[in-house]
Amino acid sequence: MTDAVQLKEELTAKIEAANDLKSLEEVRVTALGKKGAITDLMKMLGKLDGEERKVRGQELNQLKDEIADFIKAREEKLKKEEMNLRLATETLDVTLPPLPRKLGHVHPISQTMEELQKIFAEMGFSVAEGPDIEDDWHNFTALNFPPGHPAREMQDTFFLPSDPQEKNPDFATKVLRTHTSSVQIREMERHGAPIKIICMGRVYRSDYDMTHTPMFHQVEGLYVDKNVHMGHLKGCLIEFLSAYFEIEDLPIRLRPSFFPFVEPGAEVDIGCSRDGGELKIARAENELEQQWLEVLGCGMVHPNVLKNCGIDPTEYQGFAFGTGIDRLAMLKYGIPDLRSMFESDTRWLQHYGFNLYETVK
Ligand code: PHE
């Protein structure tokens, strides 16, 4: 009996002394926990005789309930006090500006594609698409470089397992398209002439350094009609390049070059300066000091290519050009390393990316 009375006094004092929820919990454990004082006493009941055990048992149960109630009451009081304290000390300043919500950014490649699409749409080109996995016919043979043609070496191709069902090697051999010129073929096969399209998309070559990645993007233009000539090609390129670089009198020059699918073929340079090591797209003040930067390949569509697509080359002529979208983006937006474009680093994207809704001017 005395044990219980004494214990009750002790525990009551401790509960009252507990000034926060944490110390109250400690008291609860010392009283009612598995190894707590009341629990200990209860365990000893088993050693007592019938009647005594009954009396002691009731007594301890009552003590247990009282202490539990007391702890509960104290807990509620402490909680209320804590809440009152927080209400008194924590203030909410509703005049503070909210934290800015982080918006995503448009990737420079997407931005550049939008710009290109807009420029070419104004010149009457529509947009065509084709598959990334191509067959040998559309990527090479129809473009006038059949198997064994040395020009195939110019493009470090990723070959895929060929289609075992297909007997014709032109269609059985599968590659990741090395250029978007394959889309020219598909579109001419499907729609014939006249045709005026651009095609943008991913292309693949086995190459990796600061200015090459195994996957990159190209835009290709194709215009086939009666009486199309080099003058149209040059005019279109001047319009495109000066609109894209936003330089009105951007000088361009065509240098003869070779691509099997065009004749004549040319590479196109734009005027630049490299003063102090910094590359700037611009017309030089003194024409004789103009420096040049190669940006694209172009030419008049080879008669064999037209023929391969069922178009009569004595009736129709066309021009085609192709260039790297990534390269155009790097030049316009001062991005030094092509590889960084595809590393999915959001800090990079925040720096070089574009705000939504501000993409196309
Ligand atoms: N397809 C060529 C390349 O990837 C570019 C090109 C396109 C050249 C059209 C001429 C005409 O290198």
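**Briefing: ligand contacts, salt bridges and folding elements of a predicted model**

An oxygen atom of the ligand lies 2.9 Å from an N or O atom in the side chain of Gln 218, a polar contact (a pair of N or O atoms within 3.5 Å; within protein, one must be able to donate a hydrogen and the other to accept it, and residues adjacent in sequence count only if both atoms are side-chain atoms). The protein covers 92% of the 330 Å² of accessible area that the ligand has on its own, areas being obtained by the Shrake-Rupley method with a 1.4 Å probe, and for residues only the protein chains shown count as cover. This is a predicted model, in which local features need pLDDT of at least 70 and side-chain atom pairs count only at pLDDT 80 or more, while totals for chains, interfaces and linings use all residues. Residues are numbered from 1 along each chain as its sequence is written, and side-chain values use heavy atoms, with hydrogens and water left out.

**Ligand surroundings**

- Of the 13 residues around the ligand, those that come nearest are His 179, Ser 181, Arg 205, Gln 218 and Gly 322; a residue is near if one of its heavy atoms lies within 4 Å of the molecule or strand in question.
- A nitrogen atom of the ligand is 3.1 Å from an N or O atom in the side chain of His 179.
- For the side chain of Ser 181, the distance from an N or O atom to a nitrogen atom of the ligand is 2.9 Å.

**Salt bridges**

- The count comes to 26 salt bridges, each being a side-chain nitrogen of Lys or Arg within 4 Å of a carboxyl oxygen of Asp or Glu.
- Arg 202 and Asp 132 meet through their side chains in a salt bridge (3.4 Å, N to O). Because Arg 202 lies in strand β6 (residues 195-204) and Asp 132 in the loop between β2 (126-128) and β3 (133-135), the pair ties together parts that are 70 residues apart in sequence. Helices (H or I, at least four residues) and strands (E, at least two) are DSSP runs, numbered from the N terminus.
- In another salt bridge, the closest N and O atoms of Arg 186 and Glu 134 are 2.7 Å apart. Arg 186 belongs to helix α8 (residues 181-191) and Glu 134 to strand β3, so this pair ties together parts that are 52 residues apart in sequence.
- Glu 134 is buried at 1% relative accessibility, whereas Arg 202 is partly exposed at 42%; buried means under 20% relative accessible area, exposed over 50%, and partly exposed in between (1.4 Å probe, protein chains only).
- A network of salt bridges links Arg 253, Arg 255, Glu 267, Asp 269 and Glu 294.

**Helix α11**

- Eight of the nine residues of helix α11 (residues 325-333) are buried, so the helix is largely enclosed by the rest of the structure.
- Among the buried residues of α11 are Ile 325, Asp 326, Lys 332 and Tyr 333.
- Just after α11, Gly 334 has a positive phi of about 60°.

**Three-stranded sheet**

- An open sheet of three strands follows the order β3-β5-β4, with antiparallel pairing; two strands pair if DSSP finds at least two bridges between them.
- β3 and β4 (159-160) are the edge strands, each pairing on one side only.
- Two bridges join β4 to the antiparallel strand β5 (residues 174-176), and Phe 159 stands opposite Val 175 in β5.

**Domains**

- The domain assignment gives domain 1 (4-89) and domain 2 (108-243 + 316-358), with bounds that come from an automatic or database assignment.
- The centres of domain 1 and domain 2, taken over C-alpha atoms, are separated by 79 Å.
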